[in-house]
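The following note sets out numbered points for a colleague who is beginning to read protein structures. Please keep the sequence and the model in view while reading.

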Amino acid sequence: MRFPAPLQRYADRLDAMSLRERVLIFLAVAVVIVAIADSALFDPISRRQKVNSQRIHQQEDEIRTNAGQVQAYAPGANG
């Protein structure tokens, strides 16, 4: 299969490499792809999850406070 000229040079260089060199290049490219995916996809998701978790904890604290206020106003209420 023939590639455009700039890509063909890289393909020829890759063909000339030993199996060990090809494996190392493949692993290096895979690490770069995973690092890019981690920073582009997973970091924003992780940040959003952390913000949502903090919001949930804050709302739980507000619920506890409100429940305490309700019990203070209605001492006979169960809850």
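1. Val23 is partly exposed, since its relative accessible area is 41%, a value that falls between the limits of under 20% for buried and over 50% for exposed. The residue belongs to helix 2, which covers residues 19–73. It should be kept in mind that the model under review is predicted.

2. Val23 is also one member of a nonpolar surface patch, in which it is joined by Leu19, Leu24, Phe26 and Leu27. Together these residues have about 540 Å² of accessible area.

3. As to secondary structure, the protein contains two helices and zero strands. Its radius of gyration is 29 Å, whereas the globule rule gives 12 Å for 79 residues; the value is well over that figure, and the protein is therefore more spread out than a compact globule. Along the principal axes, the C-alpha atoms fill a box of roughly 85 × 25 × 15 Å.

4. How much of the protein counts as buried? Of its 79 residues, 3% do so. The exposed surface of the protein comes to about 7,300 Å², and 62% of that surface is supplied by carbon and sulfur atoms.

5. With regard to charge, the protein carries 10 positive and 8 negative side chains. The centres of these two sets are 7 Å apart.

6. Which residue forms a salt bridge with Arg64? The partner is Asp61, and the closest N and O atoms of the pair are 2.6 Å apart. This distance satisfies the rule for a salt bridge, which asks for a side-chain nitrogen of Lys or Arg within 4 Å of a carboxyl oxygen of Asp or Glu. The count by this rule is one salt bridge.

7. The two partners both lie in helix 2, where Arg64 and Asp61 are three residues apart, or about one turn of the helix. Arg64 counts as exposed, because its relative accessibility is 53% and the limit for that class is over 50%. Asp61, with a relative accessible area of 43%, is partly exposed.

8. Gln69 is a further residue of helix 2. With a relative accessibility of 44%, Gln69 counts as partly exposed. Between Gln69 and Pro44 there are 37 Å in space, C-alpha to C-alpha, and the pair is 25 residues apart in sequence.

9. Pro6 is located in helix 1, which comprises residues 5–16. Is Pro6 buried or partly exposed? Its relative accessible area is 45%, so Pro6 is partly exposed. Pro6 and Ile45 are 39 residues apart along the chain, and their C-alpha atoms are separated by 37 Å.

Methods
Residues are numbered from 1 along each chain as its sequence is written. This is a predicted model: local features need pLDDT of at least 70, side-chain atom pairs count only at pLDDT 80 or more; totals for chains, interfaces and linings use all residues. Side-chain values use heavy atoms; hydrogens and water are left out. Helices (H or I, at least four residues) and strands (E, at least two) are DSSP runs, numbered from the N terminus. The radius of gyration is taken over C-alpha atoms; the globule rule is 2.2 Å times the number of residues to the power 0.38. Buried means under 20% relative accessible area, exposed over 50%, partly exposed in between (1.4 Å probe, protein chains only). Accessible areas come from the Shrake-Rupley method with a 1.4 Å probe; for residues, only the protein chains shown count as cover. Lys and Arg count as positive and Asp and Glu as negative; His and the chain ends are not counted. The place of a charge is taken as NZ of Lys, CZ of Arg, CG of Asp or CD of Glu. Patches are made of residues with over 30% relative accessible area and no salt bridge: like charges are joined within 9 Å, nonpolar side chains (Val, Leu, Ile, Met, Phe, Trp, Tyr) within 5 Å.
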